[in-house]
Amino acid sequence: MAFLTLEQVNKFYGELAAVRDVDLSVAKGEFVSLLGPSGCGKTTTLQMIAGLVEPTSGRITLDGRDITHEKPNRRGLGIVFQSYALFPHMTVAQNVAFGLEMRKVQRAERDTRVADMLALVHLAGMADRYPRQLSGGQRQRVAIARALVIEPPVLLLDEPLSNLDAKLREEMQFELRRIQRSVGTTTIMVTHDQAEALSISDRVVVMEAGCMTQVDAPYRLYEKPATPFISSFVGRMNRLEGIWWPNGPIGTVEVAGAMLPSEAADLPAGAAVTASIRPEKLLLHKAGEGRLNGNVASRFFLGGHWLFNVETPAGVIVVSMPNHGEEPAREGERVGIDWAPASLRIEASAGGT
Ligand code: ATP
């Protein structure tokens, strides 16, 4: 059941289509991220939902009500921006209570709701502190508590974690998801960080140049990216241009003279194709033991796994190997790369076959 919908929503600034023909349907309790590079229209979309920007055309509904032209304060949505501007002269508890005071909620109920909310965001002991006495992560949790305490139908988050350092950011991703799960508030988050979108969301909306090009569960986005842009923007992807040849139940892609076994495809022999494969679908062997030989040009140790850039006749190929406590290969070493043919995905190259 759709709770929040956008139907054919457009936003033009003069000639520029910041958001174009957007259709989106969000279920109650869902966590949806808007993901895309700078300028693709994520924030404009969020602001139209918030009522801060008026659509040029189209319709937005909330729980069956047309809110397209409703004032932001009538929508009553919770909003957390990147610069989570807490009131500096108010304590944590006063910051969180603010929205309830505005709504003339009685003192006793207010105190209970503020206390419950601070417990939820794990800040129960910090009610009397001032924002300057808090860490970045704690401040961000106050901002989330302040937005949620009014029990908004929808929580809107615009790059809420981008001011935090990497480790804290990861912790807050878990926190945000935990808090959202326990209150069940329908949530829309803008982010340009694909790992963040994948790890937190029920569904991810990818935006490219004002359009929504894929709306999918994170694992589907990763496994079945709808556009070449998404395949390289979400996770890492090796992409090779070649010629496709049928080969019994599988296929073969010829790349710079190297013959690479691939998935089968319904294409004419000799078609120009793009072959793509994720780094973690590749295996590193000793030279001569794989399907393609190459030299390790560089390698990076990332704790849980290694990344290798391997120079091959088909170009530089990125291979990811899990860390099993030993070094799989050194820089300069000659190696063989192997894969299951079905994991080398084929699509006709742009510009025809
Ligand atoms: P970022 O991640 O950089 O914030 P974004 O995906 O959120 O990017 P938007 O802020 O939605 O992108 O902007 C989409 C496009 O609309 C951009 O090309 C931007 O320059 C343009 N734009 C946004 N607001 C206005 C405005 N008030 N007047 C004119 N153009 C605007």
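Which strand and which helix each supply at least two residues of the shell around the ligand? The exercises below work through this and other points. This is a predicted model, where local features need pLDDT of at least 70, side-chain atom pairs count only at pLDDT 80 or more, and totals for chains, interfaces and linings use all residues. Residues are numbered from 1 along each chain as its sequence is written.

**Exercise 1. Describe the shell around the ligand.**

Step 1. Answer the opening question. Strand 2 (16-27) and helix 1 (42-50) each supply at least two residues. Helices (H or I, at least four residues) and strands (E, at least two) are DSSP runs, numbered from the N terminus.

Step 2. List the residues. Y13, L16, A18, G36, S38, G39, C40, G41, K42, T43, T44 and H192 surround the ligand. To be near a molecule or strand, a residue needs its C-beta atom, placed from the backbone, within 6 Å of it.

Step 3. Find the top contributor. Helix 1 gives the most, with three residues.

Step 4. Sort by class. The shell has four nonpolar, seven polar and one charged residues. Ala, Val, Leu, Ile, Met, Phe, Trp, Tyr, Cys and Pro count as nonpolar; Asp, Glu, Lys and Arg as charged; the others, Gly among them, as polar.

**Exercise 2. Describe how helix 3 packs with helix 4.**

Step 1. Know what to report. Two packed helices are described by the angle between their axes and the distance between the axes.

Step 2. Read both values. Helix 3 (residues 92-102) and helix 4 (residues 107-120) have axes that come within 9 Å and cross at roughly 125 degrees. Axes are lines fitted to C-alpha atoms, for helices over the stretch in contact, and angles run from 0 to 180 degrees between N-to-C directions.

Step 3. Name the arrangement. Helix 3 and helix 4 are therefore oblique to each other. Angles under 35 degrees count as roughly parallel, over 145 as roughly antiparallel, 65 to 115 as roughly perpendicular and the rest as oblique.

Step 4. Give the hand. The crossing of helix 3 and helix 4 is right-handed. A crossing is right-handed if the near helix is turned clockwise from the far one by less than a right angle, and left-handed if anticlockwise.

Step 5. Name the contacts. From helix 3, V92, A93, V96, A97, L100 and E101 meet R110, R113, V114, M117 and L118 of helix 4. Contact puts two C-beta atoms, placed from the backbone, within 7 Å. The residues of this contact divide into eight nonpolar, no polar and three charged.

**Exercise 3. Repeat the analysis for helix 5 and helix 6.**

Step 1. Helix 5 (residues 136-148) and helix 6 (residues 166-183) pack at about 20 degrees, with axes 11 Å apart. That makes helix 5 roughly parallel to helix 6.

Step 2. The crossing of helix 5 and helix 6 is right-handed.

Step 3. G136, G137, Q140, R141, I144 and L148 in helix 5 meet L168, E171, M172, E175, I179 and V183 in helix 6. By class, that contact has six nonpolar, three polar and three charged residues.

**Exercise 4. Is A124 buried or exposed?**

Step 1. Place A124. The residue lies in the loop between helix 4 and helix 5.

Step 2. Count neighbours. A124 is exposed because it has 12 C-beta neighbours inside 10 Å. The cut-offs: buried at 20 or more other C-beta atoms within 10 Å, exposed at 12 or fewer, partly exposed in between, with C-beta atoms placed from the backbone.

Step 3. Not counting residues up to four places away in sequence, A124 touches L118 and A119.
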